[in-house]
Amino acid sequence: MGALEITLGVISVLLTAVAVVMVTRTVRHMLRSIRLGQPDGSRKGPFGARFGTMLKEIGLHTKMLKLTHVGIAHWLVMVGFIGLSLSVLEAYGEVFYPPFHFPIIGGWALWNLVVEFLGLATIVAGVALVIIRQLNHPRRAERQSRFAGSNFWQAYFVEAVVILEGVGIVGLRAFKQSSGMLDVPAWAAPVTHLLGGVLPASYAAVSLFAFFKIVSAMVWVIVIASNINMGVAWHRFTAFFNIYFKREADGGPALGKLKPMMSGGEPIDFEEADPEKDVFGAGRVEDFSWKGWLDFTTCTECGRCQSQCPAWNTGKPLSPKLVITQLRDHAYAKAPYLLAGGKKDMTGEEVGLTGDDPHAGIDVLALAEAERPLVGGPEENGVIDPEVLWSCTTCGACVEQCPVDIEHVDHIVDMRRYQVMIESNFPTELNGMFKNLENKGNPWGQNAKDRLAWADDLDFEVPVFDGELGDAEYLFWVGCAGAFEDRAKKTTRAVAELLHIAGVKYVVLGPEETCSGDPARRAGNEFLFQMLAQQNVEVLNSVFEDRPARERKIVVTCAHCFNTLANEYPELGGTYQVVHHTQLLNRLVREKRLVPVAPIADDVTYHDPCYLGRHNKIYEAPRELVGASGAQFREMPRHADRSFCCGAGGARMWMEEKIGKRINVERVDEALGTAPSKIATGCPFCRVMLTDGVTARQNDGKASENVEVVDVSQLLLSAVKRAPRQPVAVAAGAPSVEDGPAEIGGEAEADGRADVPTDTVPSGTPQAEEEK
Ligand code: SF4
Ligand code: SF4
């Protein structure tokens with residue numbers, strides 16, 4: 001051990017001591033900050049399931065591999081980081097005494113092979129990540145880059161250290177080999193042997209490379225300790241916890257049902273709730289739960305969420321990534337004020353910091369941050385712009401993609417809840433929708449007595465619940481759109497006719513049905529949702545009074561109603577076997593109770609409704625139905641879990657879309673790219689939005705006049721009714737076999753009217769009576 005080794009060793013130890021002190025302080029501050037969030041006891045267990053999910057998602061990179069090449073490179077870097085941390089530890093011995101190696105394993109050929117592989121893999125994967133970042137750089141792709149808005153110096157720094165660590169390992173081992181200190185066979189260290197063969201023997205070089213490894217690692221630690229917001233580095237530690245504590249204990253993404261409105265760690269009870277004491281959604285950053293804070297801390301700024309977001313992709317200001325990073329930056333900037341006991345009441349008066357000099361010792365920047373409203377425009381210096389907040393369609397694409405299981409939709413809706421219920425500050429267009437729901441029980445403001453108008457001219461009787469379910473197997477939940485919206489009514493009629501043909505016994509509720517509450521809930525009006533949902537649960541429980549749980553069957557045509565009834569009503573005491581009509585029809589086809597003998601001659605593409613697909617993972621049944629109808633199926637580039645929203649979810653159906661390209665038009669452009677004659681879907685909201693989009697493109701001369709939007713059930717009905725000897729009661733007025741092939745859409749189009757263009761009225765606006 002010479003002077004050089006001692007000098008380098010001492011510097012290494014001192015630098016390490018500084019890094020350890022700094023990172024310990026930062027971790028302590030991070031933990032104290034995360035604990036500023038609200039309690040949430042729903043994430044505790046079960047340990048085995050949660051731990052298993054964490055191991056799977058991290059070890060197998062199941063979510064990362066949605067982008068395969070990035071996933072592979074990242075996996076190598078991750079494994080390198082874990083494995084090579086041991087190698088950095090070994091360097092503390094090597095810097096003082098170059099021949100040093102770990103006792104026992106240090107001389108093992110297998111261990112050496114692993115280190116050799118990880119060192120090289122880290123360099124290759126690090127370079128690959130740099131190249132990927134360059135190829136996707138905003139300077140090339142601008143807004144379309146998933147890195148647009150991400151912090152670049154932090155990412156470059158992390159990637160540089162990854163590569164340098166790899167170089168340090170390879171260099172150190174090569175000089176050990178050239179100096180005769182590495183006694184392992186060539187197969188266990190092929191590159192080391194190769195390089196060592198041409199390098200001179202040098203004790204000093206080994207010590208220098210060990211020093212280089214330690215310094216690069218400790219500089220990395222010091223930099224991240226100085227930048228608590230550096231998610232691109234911190235996620236290496238926090239991602240484990242974020243995935244373990246994800247909302248769904250079974251490992252699924254935070255989709256389907258929404259997180260209930262919580263206060264004090266429990267779902268809020270509106271009968272007891274007090275806005276002065278209880279937390280109503282998120283009006284301040286400390287209103288998010290500790291898991292929310294952990295989410296903010298963990299975001300890696302990878303931009304996968306942003307790349308899928310329909311709002312971002314159509315020029316809106318909303319990026320789920322930027323929502324999370326803005327909340328993170330605000331949270332940690334405000335944390336010193338909160339940790340000092342700062343607290344404001346509902347009027348904005350300080351109630352936490354009192355005394356002669358209440359702000360003593362608190363950073364002025366933290367005090368300034370505490371003055372910022374969580375939601376507010378630039379003139380108010382708000383953290384989240386209202387245009388951002390209200391652009392979200394709650395489509396769930398961000399949640400589906402996020403590799404560290406961040407729960408964007410729950411956070412966005414929590415902010416909406418506070419804006420609606422406490423601030424009464426929301427887009428004016430929602431006023432009408434809320435009033436209609438309150439007064440009429442449907443967003444269109446129609447009379448309950450007209451809920452059965454869709455069945456008026458059917459040639460068979462639609463059974464209505466009259467107090468007895470009798471031998472009915474299903475309750476057919478029609479939904480507000482299915483009852484009142486002209487285009488959606490065609491779906492309702494098609495499904496009713498198919499059930500009739502197949503001999504399925506069902507009843508409808510008619511005037512007893514009320515909106516499921518989905519638009520109110522996604523718009524943040526939790527109170528109204530609870531009201532509607534409780535009313536429905538009461539009705540449904542009385543309908544199914546005598547039935548055991550497994551026989552409480554409901555079939556639904558609306559993806560939003562499906563999601564709400566299946567996933568959200570159980571928390572309110574309503575547990576039913578809910579199926580989507582595409583699932584039931586598919587089963588009836590398989591059971592040969594519906595026989596689509598005559599294939600339809602159409603090229604059909606299928607749009608996955610977000611609330612059927614991503615939120616409930618129903619992708620196959622509607623596609624199989626398209627196939628069963630005999631149509632030529634054409635898949636859009638963005639489909640299944642990467643499907644692109646139609647723009648109607650999250651109560652956006654009732655809001656104006658003033659910024660950027662209309663989401664429905666963007667989706668229709670993609671659909672038209674498959675050259676379809678029909679665009680099929682499985683949700684009345686999607687159907688309305690896509691029809692509006694097609695109409696807009698037809699008016700522009702960019703789409704054939706023959707392109708039509710239909711529900712999957714209409715395709716099936718057409719194929720069934722075209723069958724020569726189908727044992728069915730053919731609807732009066734519907735074309736018979738002798739009349740030639742029926743129009744696609746079958747009975748649904750039997751009124752002789754095509755879908756009514758609605759480009760002159762916003763989506764969701766009730767059509768005038770004469771248009772119906
Ligand atoms: S839910 Fe959809 S619209 Fe909302 S932020 Fe996520 S990707 Fe964007
Ligand atoms: S929220 Fe998730 S997907 Fe989006 S940038 Fe952060 S880590 Fe990536």
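This passage walks through two ligand surroundings, one helix pair and two sheets in a predicted model.

The surroundings of the ligands make a good starting point. Around ligand 1 there are 15 residues, and those that come nearest are Cys 309, Pro 320, Cys 392, Cys 395 and Cys 398. Three helices give two or more residues to this shell, namely α12 (310–313), α16 (397–401) and α17 (408–421). Sorted by class, the shell around ligand 1 holds 10 nonpolar and five polar residues, with no charged residues.

Ligand 2 has 14 residues around it, with Cys 299, Cys 302, Cys 305, Lys 321 and Cys 402 coming nearest. Here α11 (304–308) and α13 (320–339) each provide at least two residues of the shell. The biggest share comes from α13, which gives three residues. In the shell around ligand 2, eight residues are nonpolar, three are polar and three are charged.

Attention now turns to a pair of helices. Two packed helices are described by the angle between their axes and the distance between the axes. For helix α1 (residues 3–34) and helix α3 (residues 68–96), the angle is about 150 degrees and the axes lie 7 Å apart. Because an angle over 145 degrees counts as roughly antiparallel, α1 is roughly antiparallel to α3. On the α1 side of the contact are Glu 5, Ile 6, Leu 8, Gly 9 and Ser 12, which meet Tyr 92, Val 95 and Phe 96 of α3. By class, the residues of this contact comprise five nonpolar, two polar and one charged.

The strands come next, beginning with an open sheet of four strands. Its order is β4-β3-β5-β6, and the pairing is parallel. At the edges of the sheet are β4 (506–508) and β6 (577–580), each of which pairs on one side only. From one strand to the next, the twist averages 30 degrees. Four bridges link strand β5 (residues 553–556) with β6 in the parallel sense. One pairing can be followed residue by residue: Val 556 has His 580 in β6 as its bridge partner.

Another open sheet of four strands, again with parallel pairing, has the order β8-β7-β9-β10. Its edge strands are β8 (632–634) and β10, each pairing on one side only. Neighbouring strands of this sheet are turned against each other by 35 degrees on average, with direction ignored. Helix α25 (residues 620–628) packs on the sheet and touches β7, β8 and β9, while its direction makes about 175 degrees with that of β7.

Within this sheet, strand β9 (residues 678–681) deserves a closer look. Are its two faces covered or open? Both are covered, with Lys 678 and Ala 680 buried on one side and Ile 679 and Thr 681 buried on the other. Strand β7 (residues 603–606) runs parallel to β9 and is joined to this strand by three bridges. Tyr 606 is found opposite Ala 680 of β9. With strand β10 (residues 708–711), β9 pairs over four bridges, also in the parallel sense. Two residues of β9 help to trace this pairing: Ile 679 stands opposite Val 709 in β10, and the bridge partner of Thr 681 in β10 is Asp 711.

Terms used: Residues are numbered from 1 along each chain as its sequence is written. Chains are lettered from A and ligands numbered from 1 in the order in which they are written. This is a predicted model: local features need pLDDT of at least 70, side-chain atom pairs count only at pLDDT 80 or more; totals for chains, interfaces and linings use all residues. A residue is near a molecule or strand if its C-beta atom, placed from the backbone, lies within 6 Å of it. Ala, Val, Leu, Ile, Met, Phe, Trp, Tyr, Cys and Pro count as nonpolar, Asp, Glu, Lys and Arg as charged, and the others, Gly among them, as polar. Axes are lines fitted to C-alpha atoms, for helices over the stretch in contact, and angles run from 0 to 180 degrees between N-to-C directions. Angles under 35 degrees count as roughly parallel, over 145 as roughly antiparallel, 65 to 115 as roughly perpendicular and the rest as oblique. Two residues are in contact if their C-beta atoms, placed from the backbone, lie within 7 Å. A residue is buried if 20 or more other C-beta atoms lie within 10 Å of its own, exposed if 12 or fewer, and partly exposed in between; C-beta atoms are placed from the backbone. Two strands pair if DSSP finds at least two bridges between them.
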